[in-house]
Amino acid sequence: MVGWTGAAVIALVVMAFLGTVIGKFILGIASVLVGLWVLFALFTLYFFRDPDALVPSGKNLVIAPGHGKVDAIDTTTEPDFMGGECQRISIFLSVIDIHVQNSPVTARVAYFKHTPGQYLNALNADSAKFNENVLIGLEATEPSGEKVGVRLIAGLIARRIVPWVRENDAVQRGERISLIQFGSRVDVYLSRNAKIKVPLGAKVVGGETVLAQFD
């Protein structure tokens, strides 16, 4: 039989062993949690990056309001601000794109409308028909009176649209006007007078890439 002293030694050894195992397990879990937190913090800093745009000079230009890929150029109907048939350039913003939007023209904010909706995948170019969105109607000063619509569309992950302008505000070409958090989409509506300058599939830079030019 094991004496009291022997039993105590065995108990201490077992406790030390269990303590070491549990300590390593807890340390491992803590290390994983800290690592995940650091990765999330770095991703958040990367996601909310907001570089200054190198806004191009030139007359009657329409520049990209968002950073992403042009995946639709078509003719559509936008009755609320454009008043009917117009051209549309749709830009998909992936989760790794910059999500600050810039004014495509120097203008007055002549129209502002928030529409509640769903949060379907913004990969669908027609997601504005179902998803939460904000339509900003710009009345350009160059050329005077020309209408440009910018629709900010929430997506599957993007659950918050943060406009930084409101009706009757004056904005400069390239000025920051909004933020859509995480993956989303931006539609640009133009009259038939605008000549499209960007090809389908192009990667565009918000505040910099020329989308179109008015005659």
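**Exercise 1.** Which residues point one way from E11 and which the other way, and are they buried or exposed?

Solution. The model is predicted.
Step 1: In a regular strand, side chains alternate between the two faces of the sheet.
Step 2: On one side of E11 are Ser184, Val186, Val188 and Leu190; Arg185, Asp187 and Tyr189 point the other way.
Step 3: Buried means under 20% relative accessible area, and all of these residues are buried.
Step 4: Strand E11 covers residues 184-190, and 7 of its 7 residues are buried, so the strand is largely enclosed by the rest of the structure.

**Exercise 2.** Identify the strands that pair with E11.

Solution.
Step 1: Strand E3 (residues 84-93) pairs with E11 in the antiparallel sense over 7 bridges. Leucine 93 has serine 184 of E11 as its bridge partner.
Step 2: Strand E7 (residues 144-153) is joined to E11 by 6 bridges, and these two also run antiparallel. Here isoleucine 153 has arginine 185 as its bridge partner in E11.

**Exercise 3.** Locate aspartate 97 and state its side-chain contact with lysine 203.

Solution.
Step 1: Aspartate 97 lies in the loop between E3 and strand E4 (100-102).
Step 2: Its relative accessible area is 10%; the cut-off for buried is under 20%, so aspartate 97 is buried.
Step 3: The side chains of aspartate 97 and lysine 203 are joined by a polar contact of 3.4 Å.

**Exercise 4.** Find the edges of the sheet E1-E14-E12.

Solution.
Step 1: The 3 strands form an open sheet with antiparallel pairing, in the order E1-E14-E12.
Step 2: Strand E1 (61-63) and strand E12 (194-196) each have a single partner strand, so one side of each is left without a neighbour in the sheet.
Step 3: The twist from one strand to the next averages 30 degrees.

Key
Residues are numbered from 1 along each chain as its sequence is written. This is a predicted model: local features need pLDDT of at least 70, side-chain atom pairs count only at pLDDT 80 or more; totals for chains, interfaces and linings use all residues. Side-chain values use heavy atoms; hydrogens and water are left out. Buried means under 20% relative accessible area, exposed over 50%, partly exposed in between (1.4 Å probe, protein chains only). Helices (H or I, at least four residues) and strands (E, at least two) are DSSP runs, numbered from the N terminus. Two strands pair if DSSP finds at least two bridges between them. A polar contact is a pair of N or O atoms within 3.5 Å; within protein, one must be able to donate a hydrogen and the other to accept it, and residues adjacent in sequence count only if both atoms are side-chain atoms. Axes are lines fitted to C-alpha atoms, for helices over the stretch in contact, and angles run from 0 to 180 degrees between N-to-C directions.
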